[in-house]
Every structure is written in structure tokens, then in C-alpha cells.
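Student: I would like a close look at a single part of this model, namely the place where the two chains meet, with the surrounding elements brought in where they help.

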Amino acid sequence: MGRWWPRGLRPRLLAGFALVTVLGSLAATWAITESAGEALVASNQRRISETVSGQIGAVTHEVSHPPDQAALDRVRDSVGPDTLVVFEDLRSVDGARADLITDELREAVREGDRVVTQRVVDVDRPWLLVGAPVMITDPDGERAPSGIEVYTVRDLSAVQEEVDALVRAAAAAGAAVLVLAALLALVTARGVLRPVRELRDTARRLAAGDLDARTEPQGVDELAELTVTINEMAESVQGSMATMERMRADARRFAADVSHELRTPLSTLTAVTEVLAASTEDMAQDARESAGMAITETRRLVRMVEDLMEVSRFDAGSVRLREEEVDMVSAVRDTLRARNRLDRVELHAPQEVPVRVDRRRLDVIVANLVGNALRHGEPPVRVGVFADRTHVNLVVTDNGPGLAEHVVPHVFDRFFKADSARTRTPGSGLGLAIALENARLHDGDLTAGNGDDGGARFVLRLPRAPGQTAPGRERGIQE
Amino acid sequence: MRTGLSSPSVWALVFLVAVAGCGVGPSGVFDAGEAPTGVAPGTTLYFVDDNDELRPQFRRTERLGTVSDAVSLLLTGPGDSEVRTEIAPTSVTSVEVTTHPETIELRVPLDIDDVTPVGIDQIVCTARTSHVQNGGSERTRIRIRFVQFTPESEIRRTCPLYE
């Protein structure tokens, strides 16, 4: 549609109603003025020509034949001003408007034996020209022209005014109807728009996640049908969502339960392996190797279960932030020192970057990122800390082959393995996922990519003051 | 779309043209009814000839005159001519004429005894012819009212020459 056509339903209805009304009143006005105006003009013309005929007929019996000038003057006087009476070479004329008489009319009078009329417009006023031949009737009733011709000019502006008044009245009525039509259009638009608006609000609430949103259908029209359909759709979506939510909750609970149940036997197992570890010196070479493998795998199992439980806590939304003022640089250095990584990692950092974080969770993030880099990349592993006005960035890069393009979107997935052949890695497969959850818990973000020199590059970005949200707030899916 | 009837001004123009077109404009020449009549060089009177038949006699009076003029002239007699009148001479010749939709009523200064039936026809034909020449209808009937009461006064007559 062109730009002149209004887009809203209300203006469109208004425009439509107005258009129909204007067309209707135009048609009515045209029809009325055309027929009534014509009738008015015709009846006036008939009246005028009959009057003129009568005025002439009233004096003809006194007119001598052949007439002299005085006789013509007498006829002219009887008809009134602006009159011309002609007989052969004699003329009797009065009034300047007699000039309006056309040759066409005189021709018609000379050649015919009936009264003729013609309308002309002079100086914006309509005039009626009446031409009448005076007849001689013989005793048999036969008529023949006497040679006397009478022409007169009559003003039609009174008729014009009547027609104008008619048009004005019709136009006024049309305008009044236009106002009525506009009101009617507004009322109709209201009736249509109100349910549409309600439906729109409901759809918005549904889109915003309020699956309880419904609209009460009113009436039995198409809009009511649409409302019912939308309600049914919302009902079905709500049902599916609830089922899905229940299934996810079940799965999460199962994982949590499993890891929880594993913990007790695992602690026993750990205690046993500790004892085993203490007594390996007395064993034979091959037995010692087996014991060492058991001890390593047990520790890995313990770490995996701990990570699983951490993930379950995130899923359950029962994770709490304990924020405190921390110097980012020294916190990172502490983490590296605690894991004996200071000698294998280059730390590039300014003197001090104060930031408000949960110290333990920052430690988990840094340890996971650095551990990941050391495990999968090549040295040297670099850790850089930069601060801008609003955020603190921690960048971990290594010198390895970098991340393959298809890997990048999945590095934070749980149990994701970039190389499916390498099934046995020391990590739990949950480290990066937990790091990302922790970063998000701080309103921050963790992204993976490749550096300019080709190595993998992980960037942790934390707001300097996440305190807009209260510490200890809960996060996760609402249940 | 932009080239269509796009703005209110166009609609206003259409409205104006439609309204202005309904005025009283010039026209061609139209017929407007029967022409007036009544001009004649004289009047026609009816007398009786030797065969006792009605005979029209043209009197050059320069103008046609009214029905009353014609009947009054008839009452003055034929003068010196080969026709005669069947109406008794009277010194009073004034005739009062009343025109009704389908009848002309003549009040003549005569009694029924002053006229023969042919004399009545003379009056009827003269009045009828004058009426027709003045533009009246040929079907108009004539009622002659005499001075004294007589049933003849009630009769609506026609001229036997033009039946």
C-alpha cells in the first residue's frame, strides 16, 4: 500500500467510512440537484412562457391587423420590459437586455408556429429567452402566422438561487452524515480493536513467559474464535513446558542423587587408597604400578563427583555468591602458587586490580582455565589481567594449535571432548562448564577463541562492581 | 498508488465540480407550448341567406375584438347586404360575456320571442367563432341567457356549421 494509506486499523476504518459517506452523499447530492434542479428549472420556464403567452393573448384582440407601430408598442407594453416585438419592417423594443435575444431563437420563431425558449447566461446570471409568434386563427380553427413576433427576456436567477439552496442543503446533510459516519466508524473500530488489543496483550505476556495469560473470549465472531484458539495454544504450550520442566528437574535430581550417593562409598575408597599408598614400598614392582593406577583413578573419580555435585548445585539454583573486595592480581597469583603453577605460567598484570568477587569461585575459574591450557595447549601459557572502566579482563593464552572451528561453540559443554579418540584425560570434563557458570554468576562472561599467534585464547570478563545485585542471591531455574 | 486520488483536495475538487455542474446553464432552443393567437383584420358574423341558411359575413373592423364585441356587432344587424338577420332589432346591443371552463355564457338584451331558432344559431356561431379566433377551444359550448326566464336559457349550444 502507498504511504498515503493509513496503517492503523482505526484510521483505516475511519477513512473507509468517510470515503463511503462522501461518495454516497456526492451521489445523493448529484442525483437530487440533477433531477430536482431540472424539474425546478423546467417548471419555472413553463410558468414564464405560459405567462408571456397569456399576456400576449390578452391584448391580441385589440391589435389591428396589419399592425401599426402603436399596435406593436401595445403588445410590447403588455409583455413587460426587455421585450422586442417585430412585424415585417416594424420594430418595437424596450430594455437593454433585448440584445440577448439570439438569432437561433428568432430563426425558430420565424419558422415555427409555437412558443420557444432558450436559456442563456449573461454576466453570470441565467436568463430565459421566450420567443412567440402571434397566430391568426380562422373560423375553422386553422392557424397561420400573423407575422408578429414577440421576444422577451426573463431573469432566472431566482431559480438559480433555489437550485443553489438545494445543493447547499444536500451538502450540509452530507457533511452531517459524514460526522455521523466518523462517530460510527470510531464505535465500530472500538468494538473490533478492544478484543484485538486484549489478544495482543495476552500474546505479549505469553511471549514474556507468563504461560498463565489468557483472554476471555467475548461474543461468537471470528475474533472470539481466534481468542479461543490462542487460549488453547497457550494451554498446550503450558502443558508441554510443564512436562519438559518436570523431566529436566527429574534428570537433574537424578544426577545430584547419584553423585551424592557416590560420595560415601568414595570416601571409604579414598581412605583405603590412602592406606594403600602408604604401603606401596613393600610391594612388588607390578603390584606397585597397579596400586598407583588405582590411587590416581580414585582421585580422579573423587574430583569428578565433586564437579558433578557442583554442577548439580548450579542446576538446582542453590549456589550462593560470597563477594568480597579482592585484588584480582594477587588472587590469581595465589591460585597459581597453590597449585604449583607459577613456574609454568607467565603472569602479565599491573600492580593491583581491585574487584569485588567470590574469591573461591574466582579461584575455580582461574584454576580451570590454566589447567585446561596446560593440559591441551603448549607452553608457554600466559595469563594477562587488564582492567577497563567497567570490567576486569583475565586472558589465558597458550602456544598450542588453537581450537578447531567446530570446537569453539562447544568448549563449555559438559563432558565435551575435542578429540574423541582421547577418552582418558585427567580432567572431569566439567571444568570449563563450571568456570562459565561461575563467571555468569558474577554477571560476567567467559569466551573462547584463538589468539593472533594461533593458540587457544580464553577471556574472562567480570564487572568491577557486580554489587548491583545483592550478594548471596540465588541463580538458576526457578522451580 | 501515489498517482491515484490521493489527497483531500482532489476530493474537494470532485465535489465542487459535481455541485457546480448542477446549476442553470445555457441551453438550446426548446418548444414551450402553443403560440398566442387572436390577431385578425376583422370579425366574422353570421347571418341568414335567402335559403334560410347561416352565412358568415366578414366585417373589416381592423381588429378581432372580443366575443362581446362580435355579438354586439351582430345585434346591430346586417346593414345593406343580401343577407338578413333573424334577431329582432334592439336599441341596446351590449352583451355581457362570462367564460366558464367549458362554456361561454352570454347575457343578451333579448327575450326568447326576439329570436328564431336560426337567430339563436346566429348568436351561437358568432360567439363561438370569435372565441376560437381568440385562442379558445373549439369544443366550448355557448349558453344564451335571455332577459326573461325561459328554459332555453339553460341549453348549452353548439354552432351547427362546425359540428
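Tutor: What follows starts at the contact between the chains and then moves outward to other parts of the model.

The model is a predicted one, and the picture below should be read with that in mind. Between the two chains, 55 residues of chain A are in contact with 40 residues of chain B. On the side of chain A that touches chain B, the elements giving two or more residues are H1, H3, S3, S4, S5 and helix H4 (157-207) of chain A. The largest share of that side comes from H1(A), which supplies 16 residues. By character, the residues on this side of chain A divide into 28 nonpolar, 18 polar and nine charged.

A strand pairing also links the chains, since S3(A) and S1(B) pair in the antiparallel sense over four bridges. Within this pairing, A:Gln118 stands opposite B:Val29 in S1(B). As a general point, strands of a sheet pair through backbone hydrogen bonds, either parallel or antiparallel.

Helix H3 (residues 103-111) of chain A belongs to the same region, and its buried residues include A:Leu105, A:Ala108 and A:Val109. These three cover an arc of only 95° around the axis, which puts them on the same side of H3(A). On the other side of H3(A), by contrast, A:Asp103 and A:Glu111 are exposed. The buried residues of H3(A) pack against strand S3 (114-122), strand S4 (125-137) and strand S5 (143-155) of chain A, together with strand S1 (29-34) of chain B. The strand S1(B) that packs against H3(A) is thus also the one that pairs with S3(A).

Turning to H1(A), A:Ser25 lies in this helix, which spans residues 9-60 of chain A. A:Ser25 counts as buried because it has 21 C-beta neighbours inside 10 Å, the cut-off being 20 or more. Apart from its neighbours within four places in sequence, A:Ser25 is in contact with A:Gly174 and A:Val177. The C-alpha atoms of A:Ser25 and A:Gly174 are separated by 5.0 Å, although these residues are 149 apart along the chain.

As for the partner, the secondary structure of chain B comes to three helices and seven strands, and from the N terminus on its elements run α-β-β-β-α-β-β-α-β-β. Of the 163 residues in chain B, buried residues make up 33%. Among contacts in chain B between residues at least 6 apart in sequence, 62% join residues at least 24 apart.

Elsewhere in chain A, an open sheet of five strands has the order S7-S9-S10-S12-S11, with mixed pairing. Its edge strands are strand S7 (345-348) and strand S11 (445-450) of chain A, each pairing on one side only. Helix H9 (residues 431-441) of chain A lies across S11 and strand S12 (456-463) of chain A, running at about 135° to S11(A). The axes of H9(A) and helix H6 (residues 285-316) of chain A come within 10 Å and cross at roughly 35°. In this contact, A:Asp307, A:Glu310, A:Val311 and A:Phe314 in H6(A) meet A:Gly431, A:Ala433, A:Ile434 and A:Glu437 in H9(A), and the residues involved divide into four nonpolar, one polar and three charged.

Conventions. Residues numbered from 1 in each chain as written. Chains lettered and ligands numbered in written order. Predicted model: local features only at pLDDT ≥ 70, side-chain atom pairs only at ≥ 80, totals over all residues. Pairing = 2+ DSSP bridges. Contact = placed C-beta atoms within 7 Å. Axes fitted to C-alpha atoms, helices over the stretch in contact; angles between N-to-C directions. Buried ≥ 20, exposed ≤ 12 C-beta atoms within 10 Å, placed from the backbone. Nonpolar A, V, L, I, M, F, W, Y, C, P; charged D, E, K, R; others polar. Arc of directions from axis to C-beta.
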